[in-house]
Amino acid sequence: MATTQEQIVAYAAALLTGIDGVGSRIYRSRQEAYSHDESPSISVEPGTATTATEPVSTCKIDWTLQLLIAVFSRGTVPPSGTPLLGLSADQVADPVIQAVHSRMMTDRGMGGLAMDCWLLSRDPQMVSAEDPSMVTVLTYQVRYRTSVADLSV
């Protein structure tokens, strides 16, 4: 069985599937570059996971996971010779970011896998590309508990 951390990452990815404009372009720890047609897209991956300084009991450990949800967006460039009617990369990302957050907050217990989940930070990063593009990393803090002896329960 997968660790609770991996189950949380998979749950979040499934929760985000079907967001308007994104559809099924939800990736697990994507490493390759996004094509022009893949904007906007979402990548879900685990960040740092730390434990409490003391076990909850002799058989349970509390964890804090930084769940990273990256929204990749590319601005739209208007046809040459027309007034600037395109959208910037952050304008393309904004409704996706709102939808991600809304879905993450609909089940803060992550399907029973976590004790709580909340948005910790939002970090927009411009990306060098032929079109204006950016990645906005949403970091959610997820608290969950496992057995001392088995990270899957």
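**Met115**

I began with Met115 in this predicted model, asking whether the residue counts as buried, partly exposed or exposed. I noted it as partly exposed, because its relative accessibility is 36%, and that value falls between the 20% limit for buried and the 50% limit for exposed. I then traced Met115 along the chain and found it in the loop between α2 (89-106) and β4 (116-127).

Which residues does Met115 touch, once its neighbours within four places in sequence are left aside? I listed Asp62, Arg143, Tyr144 and Arg145 as its contacts. I also looked up Val96, which is 19 residues from Met115 in sequence, and I wrote down a C-alpha to C-alpha separation of 25 Å for the two.

**Strand β3**

I turned next to strand β3, residues 60-74, and recorded that 12 of its 15 residues are buried, so that I could call the strand mostly covered. I followed its pairing with β2 (residues 41-51), which is antiparallel over 9 bridges, and I picked out Trp63 in β3 as the bridge partner of Thr51. With β5 (residues 133-147), I found that β3 also runs antiparallel, here joined by 15 bridges, and I noted Gln141 in β5 as the partner of Gln66.

**The largest pocket**

I finished with the largest pocket, which holds about 160 Å³ of space and is lined by 11 residues, with Arg30, Ala33, Tyr34, Phe72 and Val135 nearest its centre. Which strand gives the most to this lining? I found that β3 does, with 3 residues, while β3 and β5 each supply at least two. Sorting the lining by class, I wrote down 7 nonpolar, 2 polar and 2 charged residues.

Terms used: Residues numbered from 1 in each chain as written. Predicted model: local features only at pLDDT ≥ 70, side-chain atom pairs only at ≥ 80, totals over all residues. Heavy atoms only, no water. Buried < 20%, exposed > 50% of the residue type's maximum accessible area, 1.4 Å probe, protein only. Helix = DSSP H or I, 4+ residues; strand = E, 2+ residues; numbered from the N terminus. Pairing = 2+ DSSP bridges. Contact = heavy atoms within 4.5 Å. 1 Å grid on protein atoms, 1.4 Å probe; cavity = no way out; pocket = protein on both sides within 12 Å on 5 of 7 lines; lining within 4 Å. Points joined across faces, edges and corners; volume = space filled by probe spheres on them. Nonpolar A, V, L, I, M, F, W, Y, C, P; charged D, E, K, R; others polar.
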